[in-house]
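Thanks for sending this one over. Here are my notes, set out as numbered points so that you can follow them with the model open beside you.

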Amino acid sequence: MKLFTGLVLCSLVLGVHSRWFSFLGEAYEGAKDMWRAYSDMREANYKNSDKYFHARGNRDAAERGPGGVWAAKVISDAREMIPRVTDFFKHGDSGHGLEDSRADQAANEWGRSGKDPNHFRPPGLPDKY
């Protein structure tokens, strides 16, 4: 009986450990997906393309699994919070950039939900992206 209890306990611990390890791997790969989308956006330097790259990065990260979804949400929320804080100091509570930030968050959620980022793709954006 002690042997059976020990085996069950060990399998539970190893099972939780492997899920945690999987989550961390998904989060790491999701963060890389977000960085790739950001790098592509900077490289493309294409007018009105930022929503597309937001949606694409979040979709790619979310496809990794729960860890990717978590990483995409944390990165997206942090990215949208930083300008809000700096805008407050630069412009006071003028709402500068608030509408754009909300639109970015909508594109982020669109991508995380698995929807096609091409919905936000501007006409003429090179096929490379």
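**Notes on the fold and its charged pairs**

1. Starting at the N terminus, the elements of the protein follow the order α-α-α-α. Please keep in mind that this is a predicted model. The secondary structure amounts to four helices and zero strands. Of the 129 residues, 32% count as buried. Taking contacts between residues at least 6 apart in sequence, 74% join residues at least 24 apart.

2. Now to the charged side chains. The count of salt bridges comes to 13. As background, side chains of opposite charge can pair when their charged atoms come close. I picked out three of these pairs to go through with you, and they are taken in turn below.

3. Let us begin in helix H1, which covers residues 2-44. Glu29 and Lys32 form a salt bridge there, with N to O at 3.5 Å. The two residues are three apart in the helix, about one turn. How accessible is Glu29? Its relative accessibility is 25%, so Glu29 counts as partly exposed. Lys32 is also given as partly exposed, because its relative accessible area is 36%.

4. Asp33 and Arg36 make another pair in H1, again three residues apart and about one turn of the helix. Their closest N and O atoms are 2.9 Å apart, in a salt bridge. Is Asp33 buried or exposed? Asp33 counts as buried, because its relative accessibility is 2%. Arg36, at 38% relative accessibility, counts as partly exposed.

5. It is worth viewing those two pairs together. Glu29, Lys32, Asp33 and Arg36 belong to a network of salt bridges that also takes in Arg64. If you colour the model by charge, these are good residues to select together.

6. Which residue forms a salt bridge with Lys51? The partner is Asp104, and the closest N and O atoms of the pair are 2.7 Å apart. This pair links distant parts of the chain, 53 residues apart: Lys51 sits in helix H2 (residues 50-62) and Asp104 in helix H4 (residues 98-112). Lys51 counts as buried because its relative accessibility is 13%, under the 20% cut-off. Asp104 falls under that cut-off too, at 5%, and so is buried.

7. The surroundings of Asp104 deserve a look of their own. Apart from neighbours within four places in sequence, Asp104 is in contact with Asp50, Lys51, His54 and Glu80. One of these, His54, is placed in helix H2. With a relative accessibility of 15%, His54 counts as buried. Setting aside its own neighbours within four places, His54 is in contact with Glu80, Asp104, Ala107 and Asn108. Glu80 thus appears in the contacts of Asp104 and in those of His54.

8. Next, the helix pair that holds these residues. Two packed helices are described by the angle between their axes and the distance between the axes. For H2 and H4, the angle is about 35° and the axes are 7 Å apart. The crossing of H2 past H4 is right-handed. On the H2 side, the contact is made by Asp50, Lys51, His54, Ala55, Asn58, Arg59 and Ala62. H4 contributes Asp100, Ala103, Asp104, Ala107, Asn108, Trp110, Gly111 and Arg112. By class, this contact has five nonpolar, four polar and six charged residues.

9. What about the nonpolar side chains? In general, soluble globular proteins tend to have nonpolar side chains buried together. Here the largest nonpolar core has five residues, namely Ala44, Tyr52, Phe53, Leu125 and Tyr129. Tyr52 from this core touches Pro117, Asn118, Phe120, Arg121, Pro122, Leu125 and Tyr129, leaving out residues up to four places away in sequence.

10. A last spot to check is Leu24, which lies in helix H1. Leu24 counts as partly exposed, because its relative accessibility is 41%. Between the C-alpha atoms of Leu24 and Gly68 there are 8.7 Å, while the two residues are 44 apart along the chain.

Key:
Residues are numbered from 1 along each chain as its sequence is written. This is a predicted model: local features need pLDDT of at least 70, side-chain atom pairs count only at pLDDT 80 or more; totals for chains, interfaces and linings use all residues. Side-chain values use heavy atoms; hydrogens and water are left out. A salt bridge is a side-chain nitrogen of Lys or Arg within 4 Å of a carboxyl oxygen of Asp or Glu. Buried means under 20% relative accessible area, exposed over 50%, partly exposed in between (1.4 Å probe, protein chains only). Axes are lines fitted to C-alpha atoms, for helices over the stretch in contact, and angles run from 0 to 180 degrees between N-to-C directions. A crossing is left-handed if the near helix is turned anticlockwise from the far one by less than a right angle, and right-handed if clockwise. Contact means heavy atoms within 4.5 Å. Ala, Val, Leu, Ile, Met, Phe, Trp, Tyr, Cys and Pro count as nonpolar, Asp, Glu, Lys and Arg as charged, and the others, Gly among them, as polar. A nonpolar core is a set of buried Ala, Val, Leu, Ile, Met, Phe, Trp, Tyr and Cys residues joined through side-chain atoms within 4.5 Å.
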